[in-house]
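Let's take a walk through this structure, starting where two chains meet and then following one helix in more detail. Have the view open as you read.

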Protein chains: 2
Amino acid sequence: MSTTTDQATPERSAAEGSPEEPSSAASASEPSDGTERFLDSDLALQVHFLASRARGRGISHANRQLEGLDLKVRQFSVLSLAASGMNPSQRELGEFLSLDPSQIVALVDHLEKRGAVRRETDPRDRRSKIIVATESGEDLHAQALKILTDSEDHTLSTLSPRERKQLRSLLLKIAF
Amino acid sequence: MSTTTDQATPERSAAEGSPEEPSSAASASEPSDGTERFLDSDLALQVHFLASRARGRGISHANRQLEGLDLKVRQFSVLSLAASGMNPSQRELGEFLSLDPSQIVALVDHLEKRGAVRRETDPRDRRSKIIVATESGEDLHAQALKILTDSEDHTLSTLSPRERKQLRSLLLKIAF
DNA sequence: CCATACCGTTGAGAAAGTCAATGATGTAGA
DNA sequence: TCTACATCATTGACTTTCTCAACGGTATGG
């Protein structure tokens, strides 16, 4: 798909004055800078590149929206599983989130100090620590989930409901 | 545009004890580990999570396959655009790859020392440096592209050709 | 000529990722 | 039972990646 009237030929580069500017912190977005001409490169065909960009945009936006809760997507992912009622251990958290156990420690430490989660020694295996959300943690999670849902809705705004479903389904197939 | 808060880039796949081909006689279920029970969590519905995991797995595998060329996906992305004939400037590289200009400097420095790319001052704007691949750089790119194509083929092995096309199309829509 | 904006570069510090080692605990086998 | 080995959370050291501010060289518009 090409909505560009531009071509790959390096003819000129500065014929347009200054398009616009990121006036303050509001609308803005749509980083359609002028690098769309690279969409024809073979790099742009690679899924890892597209996934990286999509992910980057999504997480970036989500993190901005979460600022009010002083929470990051990274922390939310742990909190979310802790609040899921599925009683994940730290090792499981690491597996599922593709994070090193040492990072889980730091994440849980942070959330625990904040009073959002609690470490509970698994009675069946005292080496293992089950991470569960506190009441305020569940509160926080509910608020964050709402914000993230809206954020994702924004991120996927160019996709129809059907396409969104397809996207999730396809990603799920290759994510595990 | 500068993305304010962004998250990292997990490039590790804890879920892989043995790279290579899974095969084996085992039943080989979806998740390599045993954390599939979390697929019902609301976290697993979030596109950013799925994209992160998919991306992590893909890049991780790709990087392993590229080890023989002593090249990383990150470096390839710059080399690829340099070898595209589109004469990208460093600023454009940064925009397109969502990387800070300072990171582009480091990446180009590395590739230049290796003799894969060359900095050419843009005659139209002497502030700007056009990055072009050398002959050996184009060679390297060709080899890497082949490896990455195979790698992606492996990463997307659970998807039909039609689904792969859909996935690229959907990601493209939300990546820009 | 001057003010302003942009490009690449440098440097510093924060965040994230990687890896090895350790204490506590669990498990299987002699 | 005792013993060897594996697993879990944790710590610490280190590398990579990210983010931001500042600076010199260059362009652009008065």
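Two residues count as being in contact here if their C-beta atoms, placed from the backbone, lie within 7 Å. Keep in mind that what you're looking at is a predicted model. With that cut-off, the contact between the chains draws 68 residues from chain A and 68 residues from chain B.

Which helices does chain A bring to this meeting? At least two residues each come from α1 (47–66), α2 (73–82), α3 (90–97), α5 (135–155) and α6 (161–175) of chain A. The largest share belongs to α1(A), which puts in 17 residues. As for what kind of residues sit on the side of chain A that touches chain B, you'll find 32 nonpolar, 19 polar and 17 charged ones.

Now zoom in on α6. The α6 helix of chain A packs against helix α6 (residues 161–175) of chain B at an angle of about 115 degrees, and their axes are 10 Å apart. The crossing of α6(A) and α6(B) is left-handed. On the chain A side, the residues making this contact are Glu163(A), Gln166(A), Leu167(A) and Leu170(A); on the chain B side, they are Glu163(B), Gln166(B), Leu167(B) and Leu170(B). Sorted by class, that gives four nonpolar, two polar and two charged residues.

Stay with α6(A) a little longer. This helix has 15 residues and spans 21 Å from its first C-alpha to its last, close to the 21 Å expected at 1.5 Å a residue. Its buried residues are Leu167(A), Leu170(A), Leu171(A), Ile174(A) and Ala175(A). Why do they end up on the same side of α6(A)? Because they cover an arc of only 130 degrees around the axis. Turn to the other side of α6(A), and there you'll see Pro161(A), Arg162(A) and Lys165(A), which are exposed. And what do the buried residues of α6(A) pack against? Their partners are α1 (47–66), α5 (135–155) and α6 of chain B.

One last stop is Leu97(A), which you'll find in helix α3 of chain A. Is Leu97(A) buried or exposed? A residue counts as buried if 20 or more other C-beta atoms lie within 10 Å of its own. Leu97(A) has 26 other C-beta atoms within 10 Å, so it is buried. For a sense of distance, pick out Phe49(A) as well: Leu97(A) and Phe49(A) are 48 residues apart in sequence and 20 Å apart in space, C-alpha to C-alpha.

How values were computed
Residues numbered from 1 in each chain as written. Chains lettered and ligands numbered in written order. Predicted model: local features only at pLDDT ≥ 70, side-chain atom pairs only at ≥ 80, totals over all residues. Helix = DSSP H or I, 4+ residues; strand = E, 2+ residues; numbered from the N terminus. Nonpolar A, V, L, I, M, F, W, Y, C, P; charged D, E, K, R; others polar. Axes fitted to C-alpha atoms, helices over the stretch in contact; angles between N-to-C directions. Left-handed = near helix turned anticlockwise from the far one by under 90°. Expected span 1.5 Å × (residues − 1). Buried ≥ 20, exposed ≤ 12 C-beta atoms within 10 Å, placed from the backbone. Arc of directions from axis to C-beta.
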